[in-house]
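Let's take a walk through a protein chain together, starting with its sulfur links and moving on to what is packed inside. Keep the picture handy as you read.

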Amino acid sequence: MASLAIPATVEAASLAGQVGDKRRGQVLPAYTRGSCGAAWKAYVAAPGHSAYASTRYAGPFARQHEAIFCGIDRNASSQKAAEQRAIARCNGAKSKYKMRSIGPCEIVASK
């Protein structure tokens with residue numbers, strides 16, 4: 001009779017540093033103020049299931065009248081849960097600041 005020992009726990013590979021499933025490009029113009037750039041970097045650095053959502057950028061001619069809203073969720077139990085919370089956080093920012101934006105909050109990338 002032969003026996004084989006297999007570890008009971010297998011660690012999943014870290015997702016840190018990965019962009020994940022990118023659904024559209026993220027455009028943050030050089031003149032952008034706020035925390036969406038830092039939120040994107042935090043999303044990429046997150047080791048677990050995470051998502052980044054934002055509204056769209058209309059282009060340089062709309063910059064005086066437009067806000068870009070974003071939301072992230074990091075290290076969630078699943079990719080889907082992270083996406084739902086990232087959208088909810090982006091929508092929460094839209095509701096709080098009540099500035100004009102282009103389109104709804106959409107998932108930019110998730111992992």
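## The Cys90–Cys105 link

Cys90 and Cys105 form a disulfide, with 2.1 Å between their sulfur atoms. Keep in mind that you're looking at a predicted model. The torsion about the S-S bond of Cys90 and Cys105 is about -80°, so this disulfide is left-handed. What does the pair tie together? It links distant parts of the chain: Cys90 sits in helix α2 (residues 79-97), while Cys105 belongs to strand β4 (residues 102-110). Along the chain, the two cysteines are 15 residues apart.

Are Cys90 and Cys105 buried or exposed? Cys90 is buried, and Cys105 is too.

## The Cys36–Cys70 link

Now for another sulfur pair: Cys36 and Cys70 form a disulfide, and their sulfur atoms are 2.2 Å apart. This pair also connects distant parts of the chain, with Cys36 in helix α1 (residues 36-45) and Cys70 in strand β3 (residues 70-76). That puts the two cysteines 34 residues apart. The torsion about the S-S bond of Cys36 and Cys70 is about -105°, so here we have a left-handed disulfide.

How accessible are these two cysteines? Cys36 has a relative accessible area of 10%, and the cut-off for buried is under 20%, so Cys36 counts as buried. Cys70 comes out at 13%, so Cys70 is buried as well.

Taken together, the count is two disulfides. If you number the bonded cysteines along the chain, the pattern reads 1-2, 3-4.

## What's packed inside

Nonpolar side chains tend to be buried together in soluble globular proteins. In this model, the largest nonpolar core has twelve residues. Both Cys90 and Cys105 are in it, along with others including Phe69, Ile107, Ala51 and Ala86. Which elements give two or more residues to this core? They are β2 (49-56), α2 and β4. Helix α2 supplies the largest share, five residues.

Ala67 is one of the residues in the largest core. Setting aside its neighbours within four places in sequence, Ala67 is in contact with Thr55, Met99, Arg100 and Ser101. Apart from the largest core lies another one, of eleven residues, among them Cys36, Ala39, Ile72 and Val108.

## Ser110, tucked away in β4

Let's look at Ser110, which lies in strand β4. Its relative accessible area is 0%, so Ser110 counts as buried. Which residue shares a side-chain polar contact of 2.7 Å with Ser110? That partner is Gln79.

Gln79 has company, though. Leaving out neighbours within four places in sequence, the residues in contact with Ser110 include Val19, Gly20, Asp21 and Arg23. Tyr43, Ser50, Ala51 and Glu83 are also among them.

## Asn75, partly out in the open

Finally, head over to strand β3, where you'll find Asn75. Is this residue buried, exposed or partly exposed? Asn75 has a relative accessibility of 45%, so it counts as partly exposed.

What does Asn75 touch, apart from neighbours within four places in sequence? Its contacts are Ala46, Pro47, Gly48, His49 and Ser50. Ser50 is a familiar name, being in contact with Ser110 too. There's also a distance to look at here: the C-alpha atoms of Asn75 and Lys111 are separated by 9.6 Å, with the two residues 36 apart along the chain.

Methods
Residues are numbered from 1 along each chain as its sequence is written. This is a predicted model: local features need pLDDT of at least 70, side-chain atom pairs count only at pLDDT 80 or more; totals for chains, interfaces and linings use all residues. Side-chain values use heavy atoms; hydrogens and water are left out. A disulfide is a pair of cysteine sulfur atoms within 2.5 Å. Helices (H or I, at least four residues) and strands (E, at least two) are DSSP runs, numbered from the N terminus. Buried means under 20% relative accessible area, exposed over 50%, partly exposed in between (1.4 Å probe, protein chains only). A nonpolar core is a set of buried Ala, Val, Leu, Ile, Met, Phe, Trp, Tyr and Cys residues joined through side-chain atoms within 4.5 Å. Contact means heavy atoms within 4.5 Å. A polar contact is a pair of N or O atoms within 3.5 Å; within protein, one must be able to donate a hydrogen and the other to accept it, and residues adjacent in sequence count only if both atoms are side-chain atoms.
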